[in-house]
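I opened the model to look up how its helices and strands sit against each other. My entries follow in the order I made them.

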Amino acid sequence: MGLTGCSKSKIAIYLRKYLPIEIISVDSALIYRDMDIGTDKPNHLDLQMHPHRLLNIKDPSEIYSVAEFRKDAYREIENILKLGKIPLLVGGTMLYYHVLLYGLSNLPPSNFEIRKYLLNKTKYNQYFLHEQLNLVDPTSANNIHKNDCQRLLRALEIFYVSGKTLTSLKNDRLNKLPYNIIQFSILPKSKEWLHEKIELRIKKMLTLGFQKEVEKLFFRGDLNKQLPSIRCIGYRQMWEYLEHRTSYEEMFLKIVFSTRKLAKHQLTWLKKWKNVYFLTSSKPNIIFKKMLKIFKTHQLDIEF
């Protein structure tokens, strides 16, 4: 696990050269095809030599739920273990990790008619979803941003379908992960180092042709900025630039700000995380040596 910009994928690829591991991506943006530059996806050569499972599994027009991730990740873990190898889960989507480790709330399935009704109401009041949720489930409303359409919609849908709030159901969890795991988190050297790294990465992203990547999605005609794929950091801001709603400089600054905000959010999750080894370095060989020492404390005899 770790903050965005801390070279998690590069470290995972390095580890795979020496350890009998298979990589499972834990990233809500890397699941989408044709979204490579803005998600900082490993390059084609690296993916050929070191495949990542659960990567490029969805079209940007599709929605991928946390429940689907848990089911898919569980399946990939089983398949890797059958090969006699070790599953290595890599990414920064902390909610995915949490649901995989501790199970999923026993929530009702989606209801298209209810979603359609609720979304129609937002045409007249963009904050309708948040206002309605605040009336029936103020705890959830307080924890979900008023612009987070997907999560607000799901919380309201749960109430309309089951008659129970998301808050009342969240502790009713099913099927904790039945494996012994070792958790690592890659942390930045400092806040200043991370901020500089994030800004440099975004500049590189733009140089590599990020605008053209988003233009292809923009002109497809079947996508919009309410979809989870286009709401990904970078894509949403570039989309607004292509709509002539912001200047190029504003778009760049918004991506930097949102990425730093994401890193802060990830750190908040990690500070509350239990049983995790925090590793501070951007050099894969140093991380590798630290991990080997930890393996020994767990009496793991891993051949490499």
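**Entry 1: helix 3 against helix 4**

I began with a helix pair. V66, F69, R70, A73 and I77 of helix 3 meet L95, Y96, V99 and L100 of helix 4. Contact here means heavy atoms within 4.5 Å. Helices (H or I, at least four residues) and strands (E, at least two) are DSSP runs, numbered from the N terminus. By class, I noted eight nonpolar, no polar and one charged residues in this contact. Ala, Val, Leu, Ile, Met, Phe, Trp, Tyr, Cys and Pro count as nonpolar, Asp, Glu, Lys and Arg as charged, and the others, Gly among them, as polar.

The axes of helix 3 and helix 4 come within 9 Å and cross at roughly 65°. Axes are lines fitted to C-alpha atoms, for helices over the stretch in contact, and angles run from 0 to 180 degrees between N-to-C directions. Helix 3 passes helix 4 in a right-handed crossing. A crossing is right-handed if the near helix is turned clockwise from the far one by less than a right angle, and left-handed if anticlockwise.

A note on the source: this is a predicted model, in which local features need pLDDT of at least 70 and side-chain atom pairs count only at pLDDT 80 or more, while totals for chains, interfaces and linings use all residues. Residues are numbered from 1 along each chain as its sequence is written, and side-chain values use heavy atoms, with hydrogens and water left out.

**Entry 2: V99**

I then took one residue of helix 4 (residues 94-102), V99. Is V99 buried or exposed? V99 has a relative accessible area of 5%, so I logged it as buried. Buried means under 20% relative accessible area, exposed over 50%, partly exposed in between (1.4 Å probe, protein chains only). Leaving out residues up to four places away in sequence, V99 touches V66, R70 and L104. I also checked V99 against F69: they are 30 residues apart in sequence and 9.0 Å apart in space, C-alpha to C-alpha.

**Entry 3: the three-strand sheet**

Next I traced an open sheet of three strands. Its order is 2-1-3, with parallel pairing. Two strands pair if DSSP finds at least two bridges between them. Strand 2 (52-53) and strand 3 (86-90) are the edge strands, each pairing on one side only. Strand 1 (residues 21-25) is joined to strand 2 by two bridges. I found I24 opposite R53 in strand 2.

Which strands does helix 1 touch? Helix 1 (residues 8-16) packs on the sheet and touches strand 1, strand 2 and strand 3. Its direction makes about 160° with that of strand 1. Helix 3 (residues 66-82) also lies across strand 1, strand 2 and strand 3. I recorded helix 3 running at about 175° to strand 1.

**Entry 4: strand 6 and S185**

Why is strand 6 largely enclosed by the rest of the structure? Five of the five residues of strand 6 (residues 183-187) are buried, so I called it largely enclosed. Both faces are covered: Q183, S185 and L187 are buried on one side, F184 and I186 on the other. Strand 6 pairs with strand 7 (residues 276-280) in the parallel sense, over five bridges.

S185 belongs to strand 6. I read 0% relative accessibility for S185, which counts as buried. Its bridge partner in strand 7 is F278. Neighbours within four places in sequence aside, S185 is in contact with M1, G2, L270, V276, Y277, F278 and L279.

**Entry 5: helix 12 and its two partners**

I looked at helix 13 first. The axes of helix 12 (residues 235-242) and helix 13 (residues 248-271) come within 9 Å and cross at roughly 165°. The two are therefore roughly antiparallel. Angles under 35 degrees count as roughly parallel, over 145 as roughly antiparallel, 65 to 115 as roughly perpendicular and the rest as oblique. The crossing of helix 12 and helix 13 is right-handed. R236, Q237, M238, E240 and Y241 of helix 12 make the contact with Y248, M251, K254, I255 and S258 of helix 13. I noted five nonpolar, two polar and three charged residues there.

Then helix 11. The axes of helix 11 (residues 210-218) and helix 12 come within 10 Å and cross at roughly 75°. Helix 11 and helix 12 are therefore roughly perpendicular. Their contact has nine nonpolar, one polar and two charged residues.
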